[in-house]
Amino acid sequence: MEDDRPKHFCGVVGMALDGDAVPNLKKALRVIQHRGQEAAGIAVFNGRSISYHRGMGLVHEVLTGRAYSALSGTGGIGHVRYSTTGSSCAENCQPIVVTTMAGDLALAHNGDLVNANSIRNRLQAEGWAFLTSTDSEIIIRMMATELSINPDPIRAIKTVMKSLEGSYSITLMLGSRVFGFRDPLGFRPLCVGKIPGGYAIASESSIFEITNGDFIRDILPGEIVEISPTSITSTRTPASPHTAHCMFEWVYFARPDAIIEGKEVYQVRLNIGHILSEEKPAVADVVVPVPDSGRAHALGYAEASGIPYAEGFMKNRYIERTFIMPDQSQRDEGVLLKLNPIRSTMEGKKVVIVDDSIVRGTTMRKIVQMTRRAGAKEVHVRIGCPPIIAPCFYGIDMKTREQFAALNRTSEQIAEIITADSVGYLSQEGLVRALGISESELCMACINGKYPTKIAGEELRFQKTLEFC
Ligand code: AMP
């Protein structure tokens, strides 16, 4: 399973305005920066063609300088890319821009296709050549072919969607026209709203606050939306019998202020904390969050249990992400550099530490050890996501079974590994209750091993194929 193929856990935006879209595209990308810190880029229609600027780094580092300042256009799309080990810039910066028979085409993709290899093999056998190993390139090349047959972009998107399996939330621009579309299972979020001078599409609704706009709604699974400065037009493709919204968006990835499928992420995390405290109570003096990932979960746990909440760790915001560091010793050291205990919160106390999830257990083991060194009498760990035991094929960076601390281990065994007095995970039923979304409408493959699409060698949850007209 280990590969260095890019995983598109990213963020996308798209805008159609009556004035220059560039400043708002940049603002919106900064709001969804948490969805990807490796690379950023925008593409805009300048009246004749699509021009773009993209590169490695944070949004404010990339979208600056002369090349950026030269961009202007009323329609545009943008992308932030999540970093994984082993992926190179040339291949992975987006938006991807190509010239087609129907005009310039730009695409920004969040998600991961599960049939990318078979499509690529088929197309290569037909004589196609690819510049990159990304599944996004497959999509844009298929679009270009469809547009050469018929220049109608909606028809082309519909046709291409029939071939794609897996997760994709995409913003796309053909000349001045801006589109957003989402896979029929709705794995990754995508929403639309009004902003001054036009309309915008984005991975998360939080962008509408900073752009003085108003969130309107989620783009539906399987829906194609076209935005213009004055309108939103919707085209539906036949719905899948079930959706498969990724539960991890609410548990960890999305911003707490985002509203996805009508559920505010912050509120879901508070609910998780409440239910976790009912399911896995602890006798303790203080509830401490792992900043920032476990903060809302911990607050919920403290509210429901009546145990006081206090900050127990200072986070250094300027340390690079430890999760993606290539080897274990770097990850261990990274956690130590990132967090420092606040002694007065822990000394002589029974401490409950709350975080959103355990993947390898690196972060939590270091935190438990740090808590003990700060003088804690007992350390109880509570986790807002059920045990992660299966890889994600839909865009989250959890690739190999061997890395999961929880695989084939009891809570007692995990407690031993992370040196805690006890470990308690939220149950799958508890998570579904906290979300208020039926289990049949969620993707919980990483915690129950049941995949919503066919994956060779893995258990299929529902349908064999997706039905389209
Ligand atoms: P680990 O140290 O491997 O157990 O990682 C768990 C920590 O990383 C938790 O604090 C999560 O907030 C965070 N995390 C979980 N999944 C991911 C992911 N796919 N990318 C980055 N961080 C993650």
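Trainee: How do the residues of the shell around the ligand divide into nonpolar, polar and charged?

Mentor: The structure is a predicted model. In it, the shell comprises 7 nonpolar, 5 polar and 5 charged residues.

Trainee: How many residues surround the ligand, and which are the closest?

Mentor: A residue is counted when one of its heavy atoms lies within 4 Å of the molecule. Here 17 residues surround the ligand, and Tyr82, Asp355, Asp356, Gly361 and Thr363 are the closest.

Trainee: Which atoms of Tyr252, Asp355 and Val359 lie at a short listed distance from the ligand?

Mentor: A polar contact is a pair of N or O atoms within 3.5 Å. Tyr252 places a polar side-chain atom 3.0 Å from a ligand nitrogen. Asp355 also uses a polar side-chain atom, at 2.6 Å from a ligand oxygen. For Val359, a backbone N or O atom is found 2.8 Å from an oxygen atom of the ligand. Of the 500 Å² of accessible area that the ligand has on its own, the protein covers 95%.

Trainee: Where does the ligand sit, and which elements give two or more residues to its shell?

Mentor: The ligand occupies the largest pocket. The elements that give two or more residues to the shell are α9, spanning 247–253, and α14, spanning 362–373.

Trainee: How many helices and strands does the protein have, and how compact is the protein?

Mentor: There are 17 helices and 25 strands. The radius of gyration is 22 Å, close to the 23 Å that the globule rule gives for 469 residues, so the protein is as compact as a globular protein of that length. Its C-alpha trace spans about 70 × 45 × 40 Å along the principal axes.

Terms used. Residues numbered from 1 in each chain as written. Predicted model: local features only at pLDDT ≥ 70, side-chain atom pairs only at ≥ 80, totals over all residues. Heavy atoms only, no water. Polar contact = N/O pair within 3.5 Å; in protein donor to acceptor, adjacent residues only side chain to side chain. Areas by Shrake-Rupley, 256 points an atom, 1.4 Å probe, with all protein chains shown as cover. 1 Å grid on protein atoms, 1.4 Å probe; cavity = no way out; pocket = protein on both sides within 12 Å on 5 of 7 lines; lining within 4 Å. Sits in = over half its atoms within 2 Å of the grid points. Helix = DSSP H or I, 4+ residues; strand = E, 2+ residues; numbered from the N terminus. Nonpolar A, V, L, I, M, F, W, Y, C, P; charged D, E, K, R; others polar. Rg over C-alpha atoms; globule rule 2.2 N^0.38 Å.
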